[in-house]
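Student: Could you take me through one part of this model in detail? I would like to look closely at the salt bridges and the strands that carry them.

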Amino acid sequence: MVLIQKLLNITYTPNKQTTNIVYKDKDGQTIKTDKVDGKTDEIVDVDSTIPAGWKIIPDQKIPETVKVTPDGVPTVVVKIEHKDHYSNTRNS
């Protein structure tokens with residue numbers, strides 16, 4: 001019996017992936033979209049800011065990082081509302 005072994009080299013190249021951080025108002029209107037790029041299996045820093053004149057609706061936050069998977073990264077939706085001059089005194 002003769003055993004033959006073959007060497008097989010596999011090169012892994014991560015796929016480029018894109019997701020979005022989407023800022024929407026109470027009516028579902030998109031106010032701003034920030035694109036986040038990365039490659040499969042990376043943890044990518046999110047560089048996104050709330051649009052000027054707006055604030056995040058409580059109990060939400062912009063993620064600091066996202067994990068890029070082989071299936072991509074789901075779009076992150078952040079609900080926002082207009083800032084008003086009373087907003088600093090309402091929560092006091």
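Tutor: Happy to! A salt bridge here is a side-chain nitrogen of Lys or Arg within 4 Å of a carboxyl oxygen of Asp or Glu. Please keep in mind that this is a predicted model. By that rule, the count is three salt bridges.

Let's start with Glu-81, which forms a salt bridge with Lys-55, their closest N and O atoms being 3.6 Å apart. This pair links distant parts of the chain, with Glu-81 in strand E6 and Lys-55 in strand E4, 26 residues apart. Glu-81 is partly exposed because its relative accessible area is 32%, and Lys-55 also counts as partly exposed, at 21% relative accessibility.

The other two bridges bring us to strand E2, which spans residues 30–39. Lys-32 and Asp-34 meet through their side chains in a salt bridge, at 3.3 Å from N to O. Asp-34 has a relative accessible area of 14%, so this residue is buried, whereas Lys-32, at 22%, is partly exposed. Further along, Asp-37 pairs with Lys-35 in a salt bridge whose closest N and O atoms are 3.9 Å apart. Here Asp-37 is partly exposed, with a relative accessible area of 44%, while Lys-35 is exposed at 58%.

Now look at how E2 is held beside its partner. Strand E1 (residues 16–24) pairs with E2 in the antiparallel sense over nine bridges; within this pairing, Val-22 has Thr-33 of E2 as its bridge partner. Five residues lie between the two strands of this hairpin, and Gly-28 takes a positive phi near 85° there.

Ile-21 ties the salt-bridge region to the interior. Among the residues that Ile-21 touches are Lys-32 and Asp-34, as well as Val-36, Val-46 and Val-78. Ile-21 is also one of the residues with the most contacts inside the largest nonpolar core, which has 13 residues; Val-36, Val-46 and Val-78 are on that list too. E1 and strand E6 (76–82) each supply at least two residues of this core, and E6 gives the largest share, three residues.

Finally, follow the chain out of E2 into the loop before strand E3 (43–45), where you will find Asp-41. Asp-41 has a positive phi of about 75° although it is not a glycine, and it counts as partly exposed at 45% relative accessibility.

Definitions and conventions:
Residues numbered from 1 in each chain as written. Predicted model: local features only at pLDDT ≥ 70, side-chain atom pairs only at ≥ 80, totals over all residues. Heavy atoms only, no water. Pairing = 2+ DSSP bridges. Helix = DSSP H or I, 4+ residues; strand = E, 2+ residues; numbered from the N terminus. Buried < 20%, exposed > 50% of the residue type's maximum accessible area, 1.4 Å probe, protein only. Core = buried A, V, L, I, M, F, W, Y, C linked by side-chain atoms within 4.5 Å. Contact = heavy atoms within 4.5 Å. Lists of a residue's contacts leave out its neighbours within four places in sequence.
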